[in-house]
Amino acid sequence: MNSPINYCPQCSEPVRQAIPAGDDRLRHVCDACGAIHYQNPKVIAGCIPVFGEQVLLCRRAIEPRLGLWTLPAGFMELGETLAEAARREAWEEAQVEVDLGPLFTLFSLPHISQVYAFFHGRMAEPRFAAGEESLDVRLFHEHEIPWEELAFETVRRTLQLYFSERRAGICGIHVEDLAPDRHGPIG
Ligand code: ZN
């Protein structure tokens with residue numbers, strides 16, 4: 001979801017919405033300095049940290065979805081690769097070192113202009129702790145997963161696909177679109 005821009009980040013004058021010449025969409029345009037401020041989707045990178053048969057989940061200490069469980073994931077920073085972002089988020093939220101495997105799920109959420117990517121992840125040892133944004137971090141067997149208390153549809157769908165593939169002994173990559181009623185924004 002793009003936030004409204006009221007003042008030009010370059011010259012601080014008020015901006016207005018207009019369709020620039022040669023374009024076909026409304027943009028924030030600054031008449032004072034001529035800048036056009038484009039807004040584009042945000043990318044969220046995460047992973048499924050696995051130790052043996054168990055999956056590591058974090059209980060969110062921040063809104064939105066405070067108190068609900070999630071896979072470690074967050075917004076990419078400038079200058080990072082997708083894999084670096086996923087590894088960094090696992091460290092920040094769960095203080096866990098993850099060996100990333102292949103990309104597993106990729107979701108488009110056009111209603112909030114976000115793209116989610118989750119990698120497979122391996123934990124060499126069960127060392128983890130709650131980071132700043134987590135109330136608790138725990139390893140779960142499949143039958144212990146708190147399905148009714150998951151923070152995001154992308155997480156629910158990723159876990160569902162993960163366990164179903166593990167039972168079937170296969171390993172695929174899943175590219176899906178999620179509709180508005182199935183997912184809210186991540187903070
Ligand atoms: Zn300006």
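Reader: Let me start with a pairing in the sheet: which residue in strand 6 is the bridge partner of Arg59?

Author: It is Trp69. Bear in mind as we go that this model is predicted. Arg59 has a partner in strand 10 as well, namely Asp136.

Reader: What makes strand 5 and strand 6 count as paired?

Author: Two strands pair if there are at least two bridges between them. Strand 5 and strand 6 (residues 69-70) have two bridges, in the antiparallel sense, so they qualify.

Reader: How many bridges join strand 5 to strand 10, and in which sense do they pair?

Author: Strand 10 (residues 134-140) and strand 5 share six bridges, and the pairing is antiparallel. Strand 4 (residues 42-51) is another antiparallel partner, joined to strand 5 by two bridges. There, Val50 has Val55 of strand 5 as its bridge partner.

Reader: What is special about Gly52 in the hairpin of strand 4 and strand 5?

Author: The phi of Gly52 is positive, near 60°. The hairpin leaves two residues between its strands.

Reader: Why is strand 5 described as enclosed or open to the outside?

Author: A residue is buried when its relative accessible area is under 20%. Six of the seven residues of strand 5 (residues 54-60) are buried, so the strand is largely enclosed by the rest of the structure.

Reader: Now the metal: which atoms coordinate the zinc ion?

Author: Four SG atoms do, from Cys8, Cys11, Cys30 and Cys33, at 2.2 to 2.3 Å. A donor must lie within 2.8 Å of such a metal, so these four count. Along the chain, the donors follow the spacing C-x2-C-x18-C-x2-C. One pair of them links distant parts of the chain: Cys8 lies in the segment before strand 1 (16-18) and Cys33 in the loop between strand 2 (27-29) and strand 3 (36-37), 25 residues apart.

Reader: Why is the arrangement around the zinc ion called tetrahedral?

Author: For four donors, all angles have to lie between 85 and 135 degrees. Around the zinc ion they run from 100 to 116°, so the arrangement is tetrahedral. For comparison, the ideal angle for four tetrahedral donors is 109.5 degrees.

Reader: Why does Cys8 count as buried or exposed?

Author: Cys8 has 3% relative accessibility, and the limit for buried is under 20%, so Cys8 is buried. Cys33 has 38%, which falls between the 20% and 50% limits, so Cys33 is partly exposed.

Reader: In which order do the three strands of the open sheet lie?

Author: They lie in the order 1-2-3, with antiparallel pairing. Strand 1 and strand 3 are the edge strands, since each pairs on one side only. Three bridges connect strand 1 with strand 2, and Arg16 stands opposite Val29 in strand 2.

Reader: On to the rings: why is the pair of Phe104 and Tyr162 called stacked or edge-to-face?

Author: Two rings pair if their centres lie within 6.5 Å, and planes over 60 degrees apart count as edge-to-face. Phe104 and Tyr162 have centres 6.4 Å apart and planes at 90°, so the pair is edge-to-face. Phe104 sits in strand 8 (residues 99-109) and Tyr162 in helix 2 (residues 153-168), 58 residues apart. Both are buried. Ring pairs also join Phe104 and Tyr162 with Trp147 and Phe163 in a cluster, and the whole structure has five aromatic pairs.

Reader: Which elements each supply at least two residues of the lining of the second largest pocket?

Author: They are strand 4, strand 8, strand 9 (114-122) and helix 2. The lining includes Val50, Phe104 and Tyr162, which we have already met. The space in this pocket is about 180 Å³.

Reader: What kind of peptide bond joins Glu63 and Pro64?

Author: That bond is cis, with omega about -5°. Pro64 lies in the loop between strand 5 and strand 6, and Arg65 is found in that loop too.

Reader: What is notable about the phi of Arg65?

Author: Phi of Arg65 is positive, near 65°, and the residue is not glycine. Its relative accessible area of 28% lies between 20% and 50%, so Arg65 is partly exposed. Gln95, also not a glycine, has a positive phi of about 50°. Gln95 belongs to the loop between helix 1 (82-94) and strand 8, and at 30% relative accessibility it counts as partly exposed.

Conventions. Residues numbered from 1 in each chain as written. Predicted model: local features only at pLDDT ≥ 70, side-chain atom pairs only at ≥ 80, totals over all residues. Heavy atoms only, no water. Donors = N, O, S within 2.8 Å, 3.2 Å for Na, K, Ca; no water. Tetrahedral: all angles 85-135°; square planar, octahedral: opposite > 155°, others 65-115°. Helix = DSSP H or I, 4+ residues; strand = E, 2+ residues; numbered from the N terminus. Buried < 20%, exposed > 50% of the residue type's maximum accessible area, 1.4 Å probe, protein only. Phe/Tyr/Trp six-rings, centres within 6.5 Å; stacked < 30°, edge-to-face > 60°. 1 Å grid on protein atoms, 1.4 Å probe; cavity = no way out; pocket = protein on both sides within 12 Å on 5 of 7 lines; lining within 4 Å. Points joined across faces, edges and corners; volume = space filled by probe spheres on them.
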